[in-house]
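The following exercises concern pockets, cavities and single residues. Each task sentence is followed by a solution that proceeds step by step.

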Protein chains: 2
Amino acid sequence: MGARTDMTMDIEHVSQAKVFNGWHKQYRHSSLVLGCEMRFAIFLPSCATQDTPVPVLYWLSGLTCTDENFMQKAGAFRMAEELGIAIVAPDTSPRGESVPDDPDGAYDFGLGAGFYLNATQAPWSEHYHMYDYVVNELPALIEATFPVSSLRSISGHSMGGHGALTIGIKNADRYQSISAFSPITNPMKCPWGQKAFTNYLGPDQDTWKAYDACSLLESNGCALPILVDQGDSDGFLEEQLKPEHLQSAAGAAQAQLELRMQPGYDHSYFFIQSFIEDHLKFHAKYLTQGEG
Amino acid sequence: MGARTDMTMDIEHVSQAKVFNGWHKQYRHSSLVLGCEMRFAIFLPSCATQDTPVPVLYWLSGLTCTDENFMQKAGAFRMAEELGIAIVAPDTSPRGESVPDDPDGAYDFGLGAGFYLNATQAPWSEHYHMYDYVVNELPALIEATFPVSSLRSISGHSMGGHGALTIGIKNADRYQSISAFSPITNPMKCPWGQKAFTNYLGPDQDTWKAYDACSLLESNGCALPILVDQGDSDGFLEEQLKPEHLQSAAGAAQAQLELRMQPGYDHSYFFIQSFIEDHLKFHAKYLTQGEG
């Protein structure tokens, strides 16, 4: 491919479809920080032009997902078009034959389960750098390629809710607002997080704190507004998600957290589609009206 | 299983999720007319009770689909909840190991491709009776089981648009309104339809006319209002879908067809989600206000 003089040179268009007068598009590119080919998707509202760039909501998906789950199932585009917000959905881990996976093929670690961190332990440390990818490499590529501004917010579901919270809390200068559906709020204290952190980061739990939303609230506080929706019929609620831990940590840190327990809702995209428009309107307050 | 004294006895609950304050539910049941187990899905708005039964929109999906495609990807529930309309999505063919499939495993015939007709040719004629299933057996089961009225409308996509048009035109007494996205309007004159009809119905093309929307408009006319959306960037438009044939036939029959060509849209669920709310509002005029 020769010398990299322009990041946009490596981007390959995969698909596109018109939706709500805007466009859903998929691309593939060579990720330097992940050391593999990655696919991502973007929704561009019809008002996005070089002269009128739009802000971007980054969406981080949960375990087992790709860029497609949210884009196909969340029903977000009607409101994103109305509000004039682009949405970018990356994949949930590095991909490809050279990328190691859970030795047992489990769904909660390895491929589809990058946990939005930078792994320090072999063999994971060669490719699993989803934190750097989401925080730096992908936004730089997006902002160099599409008619978008550098105003960003971040949201996600489950493992992606953990990603949105931790990335947003650690990078209050790079995002306007944070939201999450059913996030893993305290991965140091739940089986999904303990498995991932032990493997990706090693046994020293002090290193885990840099990727735990509750620990980060305690150490950093959070200047950004946070909206969290959690279904009270979610089968993962008590063992894995623990929203009460987030609420305690946010209270102690005097962070602006609105946690909404939604009666009867589960962990699925049916839950997400029911409240995604609320989240888009929440982010729009900070992305399109100069607040925050 | 013993004597069938109550159709609801054979219905098995598979899944449920709250969505937009209503419920998405999947069930499995033994179909007499298809001779196999079938799964279907229903969305019930929160206002549906035994005292306040709601009308039903039947959605027929296209080639390769199950009950899940529309329910997961169409983004229909926000408006269905607002309008107080249930939605029922059957599968697209009989299913199971005893059901014959396309000998080459092609996507456009056999499993996932029942074409909403009653097959007359062996080996298809044993199970492939999707017309009777959709018109009679499934609504009887739905209306005996759920808090719904006998006010019905029908819609669908591609092969399911063909199903909605032909079933609605032939049963104007059973439905209030018809709509379709990207329907196969004239299956006698396109490769998908010719393959299916030759196999399911035999070579005598006179028998095909009972399942061809354009022929049915010519022979029956249509008393029901029809709304059709068709993307003009749909890759199947010219070879398979032929909306201009439907427009000619409807004109000659003085049927109430509104055909909307939608610039830039393709054949996908991104297209469907962009206009499904228009279709729900269209059907609501006839389902919930005593018109039609």
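For the composition of a lining, Ala, Val, Leu, Ile, Met, Phe, Trp, Tyr, Cys and Pro count as nonpolar, Asp, Glu, Lys and Arg as charged, and the others, Gly among them, as polar. The model is predicted: local features need pLDDT of at least 70, side-chain atom pairs count only at pLDDT 80 or more, and totals for chains, interfaces and linings use all residues. Residues are numbered from 1 along each chain as its sequence is written, chains are lettered from A and ligands numbered from 1 in the order in which they are written, and side-chain values use heavy atoms, with hydrogens and water left out.

**Exercise 1. Pockets**

Describe the largest pocket and the second largest pocket by volume and lining.

*Solution.*
Step 1. On a 1 Å grid over the protein atoms alone, a pocket is an open set of points with protein on both sides within 12 Å along at least five of seven lines, whereas a cavity is a set of points where a 1.4 Å probe fits but cannot get out; lining residues have an atom within 4 Å of a point. Grid points are joined across faces, edges and corners, and a volume is the space filled by probe spheres set on the points.

Step 2. The largest pocket has a volume of about 400 Å³. Its lining comprises 23 residues, and B:Lys73, B:His157, B:His267, B:Ser268 and B:Tyr269 are the closest to its centre. By class, this lining holds 8 nonpolar, 13 polar and 2 charged residues.

Step 3. Helices (H or I, at least four residues) and strands (E, at least two) are DSSP runs, numbered from the N terminus. Both chains contribute to the largest pocket: β1 (12-19) and β2 (22-31) of chain A, and α1 (68-73) and α9 (269-287) of chain B, each supply at least two lining residues.

Step 4. The second largest pocket encloses about 230 Å³. Among its 14 lining residues, A:Leu63, A:Thr64, A:Cys65, A:His157 and A:His267 lie nearest the centre. The lining of this second pocket consists of 6 nonpolar, 7 polar and 1 charged residues.

**Exercise 2. Cavities**

Determine how many cavities of 30 Å³ or more the structure holds, and which residues line the largest cavity.

*Solution.*
Step 1. The search of the whole structure returns 2 cavities of 30 Å³ or more. The largest cavity contains about 140 Å³ of space.

Step 2. Of its 15 lining residues, A:Gly75, A:Arg78, A:Glu277, B:Gly75 and B:Glu277 lie nearest the centre. Two or more residues each come from α2 (77-83) and α9 (269-287) of chain A and from α9 of chain B.

Step 3. The largest share, 3 residues, is given by α9(A). The lining divides into 7 nonpolar, 4 polar and 4 charged residues.

**Exercise 3. The surroundings of A:Gln240**

Establish whether A:Gln240 is buried or exposed, and which residues it contacts.

*Solution.*
Step 1. A:Gln240 belongs to helix α7 (residues 237-241) of chain A. Buried means under 20% relative accessible area, exposed over 50%, and partly exposed in between (1.4 Å probe, protein chains only). A:Gln240 counts as buried because its relative accessibility is 6%.

Step 2. Contact means heavy atoms within 4.5 Å. Neighbours within four places in sequence aside, A:Gln240 is in contact with A:Ile184, A:Cys190, A:Pro191 and A:Trp192.

Step 3. A polar atom of the A:Gln240 side chain lies 2.9 Å from the backbone nitrogen of A:Trp192.

**Exercise 4. Cysteines**

State how many disulfides are found, and where the nearest cysteine sulfur to A:Cys36 lies.

*Solution.*
Step 1. A disulfide is a pair of cysteine sulfur atoms within 2.5 Å. Over all chains, the search finds 0 disulfides.

Step 2. For A:Cys36, the nearest cysteine sulfur is that of A:Cys65, 17 Å away. A:Cys36 is buried, at 10% relative accessible area.

**Exercise 5. Backbone features**

Identify which residues are joined by a cis peptide bond in each chain, and locate a positive phi at a residue that is not a glycine.

*Solution.*
Step 1. In chain A, a cis peptide bond joins A:Ala122 and A:Pro123, with omega about 0°. A:Pro123 sits in the loop between β5 (86-90) and α3 (130-145).

Step 2. In chain B, a cis peptide bond joins B:Ala122 and B:Pro123, with omega about 0°.

Step 3. A:Asn21, not a glycine, has a positive phi of about 75°. A:Asn21 lies in the loop between β1 and β2 of chain A and is partly exposed, at 42%.

Key:
A polar contact is a pair of N or O atoms within 3.5 Å; within protein, one must be able to donate a hydrogen and the other to accept it, and residues adjacent in sequence count only if both atoms are side-chain atoms.
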